[in-house]
Structure formats: structure tokens, C-alpha cells
Amino acid sequence: AALGAALLASAQLGDDPRAASYPVALGPDAGDVEAALRDFGQQPERPADLEARVADLIAQGRVVGWVQGRLEVGARSLGRRSILADPTQVALRDAVNARVKFREPWRPYAPSMTAAAARQVLGHDRPRPHMIVADAVPEAQACRLAGVVHVDGTLRPQVVDPVEQPRYHRLLEAVGERIGVEAVLNTSFNLRGEPPVCTARDALRTFVSSAMDAVAIGPFLLSKPPAR
């Protein structure tokens, strides 16, 4: 509401607020991550290459929480408070709905991807920063992202800016080295009926309350044993 009021005032003063680009990371940061992990009672990893380690997990079919920087404000989680998975597998999408998000099976997911992946899959790399514009996927490419293509043959991508989100972009590149496309299934880091997590403590509580396999908070990574 505050941002909308400022945009309205700007327009009334003669500016064109539609021409500007607005940040989404306007919320709080994750707080004292190390203190939250200590209270949680587990010893996390601090990988030398966090992006490569998380990409390995995603390529292995595991579901990873991702908490980096300040909370997003807006309609989508865009790689700051996200749950990530391999976007190529329909079965994994269904498992995220059933065992992680606890929501209806017909609800779709959307991908985060690099501009290179957008050119590869969509045939263009037009700006798609907010995951709110649907693009038609050529039929020959739909199978590449089967877990995030909707029943009408579209997907709703976030094309990640490497300057704005360098760690997230490096993760997408690392995932691409493993699965052949620089993209992840990205959904908000929350359980059904709850808001997206804000702090590290929120993320850890949600992590243990679902079948999520691992969570990366800042430079730290906490994993559950592989399921039988």
C-alpha cells in the first residue's frame, strides 16, 4: 500500500511510474543465522561452493529450501525465500505438492531460469523479472521443463538478473551443467496456509515440518539423511 501510494503521487506529479523498475527485496533479512542454527541443535555444512553443492542435490532429485538476503515483497518468491527442485520431472513436481507444500495436485509451478535458458526454451530472453507473465513454450521444448509447463502449454518464468542476484544465477548455471537446462522449479518457501518464511528460524521450522531434503540459509547448508 505504501509503495502504491508513492507511485500514485508520482503519477499525479507528472512522472510515468510505469517506466521504472522496482526492487522486490524490501523485507527483512534472515536475522542471526548462526544463532538460529545453534538453537536448532544441528551442525550445518558451510560448503566452499554452496551453489555447486545445492545444484548436486537438485540434480539428484532432492528438494531444497533457499534463503538468501532480504525477503521479497510482492506476489512471488523470486530466489530469496524459495523452495527449489529439478524442473524437468513431473513426478518430482507432484511430490513437492503432496509432501512438501501439502497442496492440491492440480496447482502449477513456475521456473526461475537464466537468459540463456530462456533463449533455449522460449526462443527469446525478454525481461521476465517477476514471474507474472506467461509465455507459450514451443512443443519441441516443452519436455525440457515438463515439471513447470502448464496444461495449456505455457509457463510463467522468472529470468534471473546476474547482477541483482549473483548467487542465485550461479546456482542456475551449476544446475544447467548437471541437467542440461539452467532452470529450477521455484515455489515460495512456506507450507499450505502459511506466509512465506522470513527469518532463519521460520525457515528451519518449516524445513523440519515437511519432506524437504535440505535448506541453504546464507552460506550454510543443512541436509536430512536421504529417504529410504
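This briefing walks through the sheet, the salt bridges and a few surface and ring features of the structure above. Keep in mind that this is a predicted model. Its seven-stranded open sheet has mixed pairing, and 13 salt bridges are found in the structure. Let's take the topics one at a time.

**The sheet**

- Start by tracing the strand order, which is E6-E3-E7-E2-E1-E8-E9.
- At the edges you will find E6 and strand E9 (220-223), each of which pairs on one side only.
- As background, strands of a sheet pair through backbone hydrogen bonds, and they can do so in a parallel or an antiparallel way.
- Strand E8 (residues 214-217) and E9 run antiparallel and are joined by four bridges.
- To find this pairing on screen, look for Ile-217, whose bridge partner in E9 is Phe-220.

**A closer look at strand E3**

- Strand E3 covers residues 110-113, and both of its faces are covered.
- It helps to know that side chains in a regular strand alternate between the two faces of the sheet.
- In E3, Ala-110 and Ser-112 are on one side, Pro-111 and Met-113 are on the other, and all of them are buried.
- E3 runs antiparallel to strand E7 (residues 183-188), with four bridges joining the two.
- Within that pairing, Ala-110 faces Asn-186 of E7 as its opposite residue.
- With strand E6 (residues 158-159), E3 pairs in the parallel sense over two bridges.
- Here Met-113 is the residue that stands opposite Val-159 in E6.

**Salt bridges**

- One of the 13 salt bridges is between Glu-51 and Arg-167, with the closest N and O atoms 3.5 Å apart.
- This pair links distant parts of the chain, because Glu-51 sits in helix H3 (residues 50-59) and Arg-167 in helix H7 (residues 166-179), 116 residues apart.
- Is Glu-51 buried or exposed? Glu-51 has a relative accessible area of 8%, so it counts as buried.
- Its partner Arg-167 reaches 27% relative accessibility and therefore counts as partly exposed.
- Another salt bridge joins Arg-128 to Asp-135, whose closest N and O atoms are 2.9 Å apart, and both of these residues are buried.
- A further salt bridge connects Glu-194 with Arg-205, where the closest N and O atoms are 3.3 Å apart.
- Glu-194 belongs to the loop between E7 and helix H8 (200-208), while Arg-205 is in helix H8, so the pair ties together parts that are eleven residues apart in sequence.
- Both ends of this bridge are partly exposed: Glu-194 has a relative accessible area of 29%, and Arg-205 is at 41% relative accessibility.
- Salt bridges that share partners also build one network out of Glu-51, Arg-167 and Arg-170.

**A nonpolar surface patch**

- Which residues form a nonpolar patch on the surface? They are Leu-3, Tyr-22, Leu-26 and Val-73, which together have about 340 Å² of accessible area.
- Leu-26 is found in the loop between helix H1 (2-12) and helix H2 (33-40).
- With a relative accessible area of 43%, Leu-26 is partly exposed.

**Aromatic rings**

- Searching the whole structure turns up one aromatic pair.
- For such pairs, the distance of the ring centres and the angle of the planes give the description.
- In addition, Lys-224 lies over the face of Phe-207, at 4.6 Å from the ring centre.

Conventions: Residues are numbered from 1 along each chain as its sequence is written. This is a predicted model: local features need pLDDT of at least 70, side-chain atom pairs count only at pLDDT 80 or more; totals for chains, interfaces and linings use all residues. Side-chain values use heavy atoms; hydrogens and water are left out. Rings of Phe, Tyr and Trp (its six-membered ring) pair if their centres lie within 6.5 Å; planes under 30 degrees apart count as stacked, over 60 as edge-to-face and the rest as tilted. A charge sits over a ring if NZ of Lys or CZ of Arg is within 6 Å of the ring centre and within 35 degrees of the ring normal. Patches are made of residues with over 30% relative accessible area and no salt bridge: like charges are joined within 9 Å, nonpolar side chains (Val, Leu, Ile, Met, Phe, Trp, Tyr) within 5 Å. Accessible areas come from the Shrake-Rupley method with a 1.4 Å probe; for residues, only the protein chains shown count as cover. A salt bridge is a side-chain nitrogen of Lys or Arg within 4 Å of a carboxyl oxygen of Asp or Glu. Buried means under 20% relative accessible area, exposed over 50%, partly exposed in between (1.4 Å probe, protein chains only). Two strands pair if DSSP finds at least two bridges between them.
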